[in-house]
Amino acid sequence: MAKAIHSMIRVLNEERSVAFYEKAFGLTVADRLDFADFTLVYLSNPESDFELELTVNKSQSEPYDLGNGYGHFAVSVEDAAAEHARFEAEGLSPRKLVDFAPGGEVIARFFFVQDPDGYEIEVLQRGGRYK
């Protein structure tokens with residue numbers, strides 16, 4: 001059986017991205033591999049073995065075109081409202097907190113935030129299928 005171990009995104013500025021992910025999600029540098037043309041930075045925290053890999057291409061000077069294919073990275077938290085308030089206090093500009101209840105019963109409580117490169121991150125309250 002396969003085991004998910006990391007997801008990779010391309011970022012323009014390593015320092016800015018590492019600072020964002022640490023402030024927002026407590027992810028810190030687990031490993032950093034520097035090569036002639038690019039650097040790989042692996043971020044993790046004690047909550048999970050899963051890592052976020054930041055790829056910094058040294059020749060890239062313009063922001064990446066994220067295209068029109070919608071995608072996002074998701075994390076789960078104990079209390080979405082408390083995290084939303086913390087994100088606001090940290091100046092991370094979270095979007096509105098949503099109680100998703102398509103059939104009248106709340107099945108998810110979440111908000112989205114963008115990282116410095118425009119990637120969408122969904123912050124879901126733990127419960128149901130969101131552990």
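This is a short talk on the core, one buried serine and the two biggest pockets of this structure.

First, the ground rules. The model is predicted, so local features need pLDDT of at least 70, side-chain atom pairs count only at pLDDT 80 or more, and totals for chains, interfaces and linings use all residues. Residues are numbered from 1 along each chain as its sequence is written, and side-chain values use heavy atoms, with hydrogens and water left out.

Let's start inside. The largest nonpolar core holds 24 residues. Such a core is a set of buried Ala, Val, Leu, Ile, Met, Phe, Trp, Tyr and Cys residues joined through side-chain atoms within 4.5 Å. Buried means under 20% relative accessible area, exposed over 50%, partly exposed in between, with a 1.4 Å probe and protein chains only. Phe 20, Tyr 21, Phe 25, Leu 43, Leu 54 and Phe 87 have the most contacts inside this core. Helix 1 (14-25) and helix 2 (80-89) are among the elements that give it two or more residues. Helix 1 gives the most, with 5. Helices (H or I, at least four residues) and strands (E, at least two) are DSSP runs, numbered from the N terminus.

Now Tyr 21. Leaving out residues up to four places away in sequence, Tyr 21 touches Ile 9, Leu 43, Leu 52 and Ile 121, among others. Contact here means heavy atoms within 4.5 Å.

Next, Ser 17, also in helix 1. Is Ser 17 buried or exposed? Ser 17 counts as buried because its relative accessibility is 0%. Its side chain makes a polar contact with the side chain of Asp 117, at 3.2 Å. That term means a pair of N or O atoms within 3.5 Å; within protein, one must be able to donate a hydrogen and the other to accept it, and residues adjacent in sequence count only if both atoms are side-chain atoms.

On to the pockets. On a 1 Å grid over the protein atoms alone, a pocket is an open set of points where a 1.4 Å probe fits, with protein on both sides within 12 Å along at least five of seven lines; lining residues have an atom within 4 Å of a point. The largest pocket has a volume of about 500 Å³. Its lining has 21 residues, with Asn 45, Glu 47, Val 75, Ser 76 and Arg 126 nearest the centre. Strand 5 supplies the largest share, 5 residues.

The second largest pocket has a volume of about 230 Å³. Of its 17 lining residues, Leu 66, Gly 71, His 72, Tyr 119 and Glu 120 are closest to the centre. Strand 1 gives the most to that lining, with 3 residues.

Methods
Grid points are joined across faces, edges and corners, and a volume is the space filled by probe spheres set on the points.
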